[in-house]
Amino acid sequence: MDAILLQILNGLDKGSAYALIALGLTLIFGTLGVVNFAHGALFMIGAFCSVTLQRILTLSVETIDETKKDFLGNPLKVKTPYVEQWFGPETGQAIIDWSVPLAILFAIPVMLLIGFIMERGLIKHFYKRPHADQILVTFGLAIVLQEVVKYFYGANPIPTPAPDVFRGSFDFAPLLGLDTSLAYPYWRLVYFGFSTLIIAAVFAFLQFTTFGMVVRAGMADRETVGLLGIDIDRRFTIMFGIAAAVAGLAGVMYAPINSPNYHMGMDFLVLSFVVVVVGGMGSLPGAVLAGFLLGILESLASMNEIKSIIYGIDQIIIYVVAIVILLVRPRGLMGRRGVMEE
């Protein structure tokens, strides 16, 4: 029983990443009708925002420490981060330690800017082109972004630790009345809570703000909203930036879980598109539901008891479920009638 509960927790953690990326993908498809295969690259760039801020905060200057001597009795040169010089050793070290959460503030404007540039510079030229053209051009863009990151940061994963206070694990066993230990890493719980907060914020923004209501109306009937004198294109451009920011924030907070590397965007991209299709193209609730559902199923399928029955099931379970769902319901779990059914 404890093994199943642990895998469900793993599934919620993995599903959080799927749901956030799929949410951004669905926002773009629902507003602009664009199949954006570069969205996984935005997730990767978000993760490297964490890496970049960490490197900025650890920039150091060499100073002479008279209290430390080498074997010849000469004073040693030590590297002191600038933030420790400016704010003091304790505060400076705390800022460095909390570089990943602080990267949220760094990533938001960066991701918004990248989103606006992508939409205005490239995506807008493919609004009325076939989906195959959109996939080819955005997939090519994803490869370019991937190679740019590889050039500047290298091919190896870059460890990006979580704050010290969130290292270690929380034991759920006492809460659930279990005799055995059920420890789960603190940061993965933080990631799940953060993902839930971002998802709730996006839905609240679309549901309860005037801007969001206009966007939802534009998603349903773009031409009619335009005839009312509303610049729906500008609002959709802003939504593209918001979708990019959501993917970036997902990557920022995922950095301590999976050390950022140049191909991590591609690793999540295909699975996230499966999530979008299973949830229903253009359906935001469907994307979130499918993200968590498929994340949990993938984790349960990775149990040794399951793999001993069907070898390799953990590698294909998501695709098997997707095939079954689409055979029964071509528009996905919560997709709108007529979308991608032709």
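The points below describe the overall build of this predicted model and then its aromatic pairs.

1. Basis. Because this is a predicted model, local features are given only where pLDDT is at least 70 and side-chain atom pairs only at pLDDT 80 or more, whereas totals for chains, interfaces and linings use all residues. Residues are numbered from 1 along each chain as its sequence is written, and side-chain values use heavy atoms, with hydrogens and water left out.

2. Overall build. The chain has 15 helices and four strands, taken as DSSP runs (helices H or I of at least four residues, strands E of at least two) and numbered from the N terminus. Its C-alpha trace spans about 80 × 55 × 35 Å along the principal axes. Of the contacts with a separation of 6 or more, 71% join residues 24 or more positions apart, a contact being heavy atoms within 4.5 Å.

3. Burial and surface. Of the 342 residues in the chain, 46% are buried; buried means under 20% relative accessible area, exposed over 50% and partly exposed in between, with a 1.4 Å probe and protein chains only. The accessible surface of the chain comes to about 16800 Å², and 66% of that belongs to carbon and sulfur atoms, the areas coming from the Shrake-Rupley method with a 1.4 Å probe, where for residues only the protein chains shown count as cover.

4. Aromatic pairs. The structure holds 15 aromatic pairs, where rings of Phe, Tyr and Trp (its six-membered ring) pair if their centres lie within 6.5 Å, and planes under 30 degrees apart count as stacked, over 60 as edge-to-face and the rest as tilted. The Trp98 and Phe166 pair is edge-to-face, because the ring centres are 5.7 Å apart and the planes stand at 75°. Trp98 lies in the loop between helix H4 (89-97) and helix H5 (99-121), and Phe166 in the loop between helix H6 (131-153) and strand S3 (169-171), so the pair ties together parts that are 68 residues apart in sequence.

5. Setting of that pair. Trp98 is partly exposed at 35% relative accessibility, and Phe166 is also partly exposed, with a relative accessible area of 24%. Leaving aside residues up to four places away in sequence, Phe166 touches Trp98, Tyr186, Trp187 and Val190.

6. A second pair. Tyr191 and Tyr254 are likewise edge-to-face, at 5.3 Å centre to centre and 65° between the planes. This pair links distant parts of the chain, with Tyr191 in helix H8 (residues 186-208) and Tyr254 in helix H11 (residues 232-254), 63 residues apart. Tyr191 is buried at 0% relative accessibility, and Tyr254 is buried at 8%. Ring pairs link both residues with Tyr18, Phe43 and Phe268 into a cluster.

7. The two helices. The expected span of a helix is 1.5 Å times one less than its number of residues; for the 23 residues of H8 this gives 33 Å, which agrees with the 32 Å between its end C-alpha atoms. For the 23 residues of H11 the expected span is 33 Å, and its end C-alpha atoms are 33 Å apart, again in agreement. Buried residues of H8 include Trp187, Tyr191, Phe194 and Ile198. In H11, 19 of the 23 residues are buried, so this helix is largely enclosed by the rest of the structure.
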